[in-house]
Amino acid sequence: GLMLAWVCDLIVASEDAFFQDPVVRMGIPGVEYFAHGFELPPRVAKEFLLLGERMPASRAYNFGMVNSVVPRDGLEEEVRRIANKLAEMPRLGLSLTKQAINHVEDLRGKRSAMDAVFHMHHFAHAQNDLVSGDSLAGLTGKSMASANKQDAGSKS
């Protein structure tokens with residue numbers, strides 16, 4: 001879900017939403033779409049990755065990782081409002097504005113950083129496979145989800 005959210009131009013989260021990247025447990029330095037250092041301040045990105053804990057939507061909003069946080073029952077209405085407003089805007093202006101911001105990100109090194117970490121990500125999978133015979137370090141989606149839920153419950 002994190003990778004899907006981060007490729008979006010605008011992110012509206014419900015108050016009960018959270019973000020998490022616990023893959024360091026597998027010996028992997030983050031997900032394939034590695035925007036952590038651009039979405040979060042470096043120290044917060046390290047905390048997010050190294051501890052692998054859930055970040056509530058309200059905290060993500062404070063770092064600018066999401067545009068707004070709304071009650072769950074108002075989420076669809078808010079997203080529809082934004083979509084309708086964008087639909088009324090001149091398409092060329094929207095496209096050029098998006099390209100301009102993406103260009104600034106690239107000048108800051110986003111694409112190069114993501115390419116480098118993508119290679120590290122796959123190197124870590126290969127290392128896991130060589131050492132243990134399992135590229136995911138013996139973990140599965142179900143075991144990770146269970147551990148994440150257990151960790152979140154113990155911090156409530």
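## Close-up views of a predicted model

**View 1. K98 and D9, a salt bridge between distant parts of the chain.** K98 comes out as partly exposed, with a relative accessibility of 40%. Bear in mind for this and every other view that the model is predicted. The partner of K98 in a salt bridge is D9, and their closest N and O atoms sit 3.0 Å apart. K98 belongs to helix α6, while D9 is in the loop between α1 and β1 (12-14), so the pair ties together parts that are 89 residues apart in sequence. D9 has a relative accessible area of 53%, so it counts as exposed, because that label applies to anything over 50%.

**View 2. R72 and D16, a link between two loops.** Here R72 and D16 make a salt bridge, with 2.9 Å between the closest N and O atoms. R72 is in the loop between β4 (68-70) and α5, and D16 is in the loop between β1 and β2 (18-19), so this pair ties together parts 56 residues apart in sequence. R72 is exposed, at 54% relative accessible area, whereas D16 is partly exposed, at 47%.

**View 3. R80 and E76, a salt bridge inside one helix.** This time both partners are in helix α5, four residues apart, or about one turn of the helix. Why can such a pair meet? An α-helix has 3.6 residues a turn, so residues three or four places apart point the same way. The side chains of R80 and E76 come together at 2.6 Å, N to O. R80 is partly exposed at 48% relative accessibility, and E76 is exposed at 56%. If you go hunting for others, a search of the whole structure turns up seven salt bridges.

**View 4. W6 and the largest nonpolar core.** This core has 16 residues, and the members that touch the most others are W6, F19, L40, F48 and M65. Helices α1 (2-6), α3 (42-51) and α4 (57-62) each bring in at least two of the core residues. Zoom in on W6 and, setting aside neighbours within four places in sequence, you find it in contact with I11, Y33, A35, H36, E39, F48 and M65. F48 and M65 are thus contacts of W6 as well as well-connected core members. As a rule, nonpolar side chains in soluble globular proteins tend to be buried together.

**View 5. A second core, and H125 on α7.** Apart from the largest core there is a second, separate one of five residues, including V23, I28, A124 and M144. Is H125, in helix α7 (residues 110-132), buried or exposed? H125 is buried, with a relative accessibility of 15%, because the cut-off for that label is under 20%. Neighbours within four places in sequence aside, H125 contacts I28, S135 and L136. I28 therefore appears twice in this view, as a member of the second core and as a contact of H125.

**View 6. D134, in the loop after α7.** D134 is located in the loop between α7 and α8 (141-154). Its relative accessible area is 28%, so it is partly exposed. Not counting residues up to four places away in sequence, D134 touches N128, D129 and L139.

**View 7. A nonpolar patch on the surface.** L10, L86, M89 and L94 make up this patch, and together they have about 310 Å² of accessible area. M89 sits in the loop between α5 (75-87) and α6. With a relative accessible area of 39%, M89 is partly exposed.

**View 8. Helix α6 from end to end.** Does the length of α6 fall short of or agree with what its residue count suggests? At 1.5 Å a residue, the 17 residues of α6 (residues 91-107) should span 24 Å, and the end C-alpha atoms are 24 Å apart, so the two agree. After the helix comes G109, which has a positive phi, near 100°.

**View 9. The chain as a whole, for orientation.** The protein chain contains eight helices and four strands, running α-β-β-α-α-β-α-β-α-α-α-α from the N terminus on. Its C-alpha atoms fill a box of roughly 55 × 40 × 25 Å along the principal axes. Of the 156 residues, 30% are buried. The chain exposes about 10200 Å², and 59% of that is supplied by carbon and sulfur atoms. Among contacts with a separation of 6 or more, 72% are between residues 24 or more positions apart.

Methods. Residues numbered from 1 in each chain as written. Predicted model: local features only at pLDDT ≥ 70, side-chain atom pairs only at ≥ 80, totals over all residues. Heavy atoms only, no water. Expected span 1.5 Å × (residues − 1). Patch = residues over 30% accessible without salt bridge, like charges linked within 9 Å, V, L, I, M, F, W, Y side chains within 5 Å. Areas by Shrake-Rupley, 256 points an atom, 1.4 Å probe, with all protein chains shown as cover. Salt bridge = Lys/Arg side-chain N within 4 Å of Asp/Glu carboxyl O. Buried < 20%, exposed > 50% of the residue type's maximum accessible area, 1.4 Å probe, protein only. Core = buried A, V, L, I, M, F, W, Y, C linked by side-chain atoms within 4.5 Å. Contact = heavy atoms within 4.5 Å.
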